[in-house]
Amino acid sequence: MAKSPETEHPLKAFGWATSDSSGVFSPFKFSRRATGERDVQFKVLYCGVCHSDLHMAKNEWGFTQYPLVPGHEIAGEVTEVGSKVKKVKVGDKVGVGCMVGSCRQCDQCTNDLENYCSKMILTYSAVYTDGTITYGGYSNLMVADEHFIVRWPENFPLDAGAPLLCAGITTYSPLRYFGLDKPGMNIGVVGLGGLGHVAVKFAKAFGTKVTVISTSINKKKEAIEKLGADSFLVSRDPEDMKATAGTLDGILDTVSADHPILPLLSLLKPHGKMVLLGVPNKPIELPAFPLITGRKLIAGSGIGGMKETQEMIDFAAKHNILPDVEIIPIDYINTAMDRLVKSDVKYRFVIDIAKSLKAE
């Protein structure tokens with residue numbers, strides 16, 4: 001008979017979980033593995049609430065394993081290290097992002113692209129190497145292999161910085177990989193949510209000119225005055241779209257809602273690149289003609305490898321790039337999820353685990 005989540009490992013743990021696709025969270029007792037020779041155990045201090053957590057809680061992508069403890073923007077303080085750990089020591093501040101394992105041997109892994117390994121193990125709702133289900137950061141403690149631990153820069157805030165472990169690397173990686181990080185380039189960012197607002201900050205730090213593309217004029221002041229975007233484009237305004245046609249070197253599309261791609265392609269220069277970062281529920285309609293006539297590229301990108309994630313967080317600390325966050329207690333999570341559905345957050349919820357998570 002399979003052991004219960006509470007007894008399958010030696011370390012007692014607690015957090016908040018949802019047990020079915022209603023997505024309603026409540027306190028949950030479970031367990032973590034003992035700290036292995038290459039493992040790092042840490043006390044979770046803060047955990048960001050990603051849009052993926054909402055999709056997974058409601059099983060909208062079809063592969064959720066319940067009970068589900070989400071959270072893959074996890075920041076905390078090391079409490080124990082295994083005998084062979086060299087990366088960090090007790091007392092260090094650390095982070096864990098979207099993955100906690102990979103095969104470490106394939107071409108992707110040996111090229112620091114563990115995120116594209118076919119055996120990559122997600123931080124929550126995946127099967128770990130020992131056959132047990134992974135649980136994320138809506139919890140009091142984590143145990144992870146040191147390879148998947150991010151060293152936290154000194155004097156860099158853990159609370160506001162936590163969402164960089166997903167939203168940060170998800171936007172930083174494509175800007176770098178697709179060469180959209182050159183000063184003077186014109187970059188478009190579609191959607192001004194958790195991902196989009198961080199994309200604007202990284203793109204500006206690289207010295208590019210940033211155009212925020214949104215369905216609503218309401219976000220214009222915020223985009224330009226607060227986030228530092230150079231211009232703002234309302235995608236539902238035909239005149240606005242026409243005036244901007246053929247001016248962008250690249251576009252990061254961060255929107256998870258269903259939306260048309262064709263109007264956005266018209267904004268790209270010839271040889272321009274559009275990178276999809278959001279995951280709409282329905283397949284996108286992809287017109288061939290504008291791609292062919294402008295030699296335009298549509299690509300996707302998902303998080304980044306561990307080396308690049310460390311590089312991203314160090315770059316963010318150097319340039320003081322921090323997401324705009326609303327700090328919440330853990331018992332607010334159900335309300336936060338309801339607000340997330342309505343995009344009613346500027347721009348990322350972060351759970352104060354240390355102050356608010358108490359064992360029942």
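How many cavities of 30 Å³ or more does the structure hold? In this predicted model, the count is three. The largest cavity has a volume of about 170 Å³, and of the 14 residues that line this cavity, R32, R33, T134, Y135 and V143 are the closest to its centre. Two strands contribute repeatedly to the enclosure, since β2 (25-32) and β8 (141-145) each supply at least two residues of the lining of the largest cavity. The lining of the largest cavity is mixed in character, with six nonpolar, five polar and three charged residues.

The second largest cavity, by comparison, has a volume of about 60 Å³. Its lining is formed by G97, C98, M99, V150, L165, I169, I303, G304, M306 and T309. When the residues of this lining are divided by class, seven are nonpolar and three are polar, while no charged residue takes part in the lining of the second largest cavity.

Two residues of that lining, I169 and T309, recur in a helix-helix contact, I169 on the side of α4 and T309 on the side of α10. Helix α4 (residues 167-177) and helix α10 (residues 306-318) pack with their axes 10 Å apart and at an angle of about 100°; angles of 65 to 115 degrees count as roughly perpendicular, and α4 and α10 are therefore roughly perpendicular to each other. On the α4 side the contact is made by G168, I169, Y172, S173 and R176, and on the α10 side by E308, T309, E311, M312 and F315. In contrast to the lining of the second largest cavity, which has no charged residues, the contact of α4 with α10 includes three charged residues, together with four nonpolar and three polar ones.

Among the pockets, the second largest has a volume of about 160 Å³. This pocket is lined by D258, H259, P260, I261 and L262, and also by P280, K282, P283, I284, E285 and P287. By class, the lining of the second largest pocket comprises seven nonpolar residues, one polar residue and three charged residues.

With regard to annotation, the unreviewed UniProt entry assigns "domain: Enoyl reductase (ER)" to residues 23-351. Over residues 23-351, helix accounts for 26% of the chain and strand likewise for 26%, and the end C-alpha atoms are 17 Å apart.

Several features of the backbone also deserve mention. Most peptide bonds are trans, and most residues other than glycine have a negative phi. Against this background, the peptide bond from Y66 to P67 is cis, with omega near -5°, and P67 lies in the loop between α1 (51-57) and β4 (74-81). A cis peptide bond is also found from K346 to Y347, with omega near -15°, where Y347 is placed in the loop between α11 (333-341) and β17 (348-352). R295, although not a glycine, has a positive phi of about 45°, and this residue is located in the loop that joins α9 (288-293) and β15 (297-300).

Methods. Residues are numbered from 1 along each chain as its sequence is written. This is a predicted model: local features need pLDDT of at least 70, side-chain atom pairs count only at pLDDT 80 or more; totals for chains, interfaces and linings use all residues. Side-chain values use heavy atoms; hydrogens and water are left out. On a 1 Å grid over the protein atoms alone, a cavity is a set of points where a 1.4 Å probe fits but cannot get out, and a pocket is an open set with protein on both sides within 12 Å along at least five of seven lines; lining residues have an atom within 4 Å of a point. Grid points are joined across faces, edges and corners, and a volume is the space filled by probe spheres set on the points. Helices (H or I, at least four residues) and strands (E, at least two) are DSSP runs, numbered from the N terminus. Ala, Val, Leu, Ile, Met, Phe, Trp, Tyr, Cys and Pro count as nonpolar, Asp, Glu, Lys and Arg as charged, and the others, Gly among them, as polar. UniProt positions are given in the numbering used here, feature names are shortened, and annotations may be inferred rather than shown by experiment. Axes are lines fitted to C-alpha atoms, for helices over the stretch in contact, and angles run from 0 to 180 degrees between N-to-C directions. Angles under 35 degrees count as roughly parallel, over 145 as roughly antiparallel, 65 to 115 as roughly perpendicular and the rest as oblique. Contact means heavy atoms within 4.5 Å.
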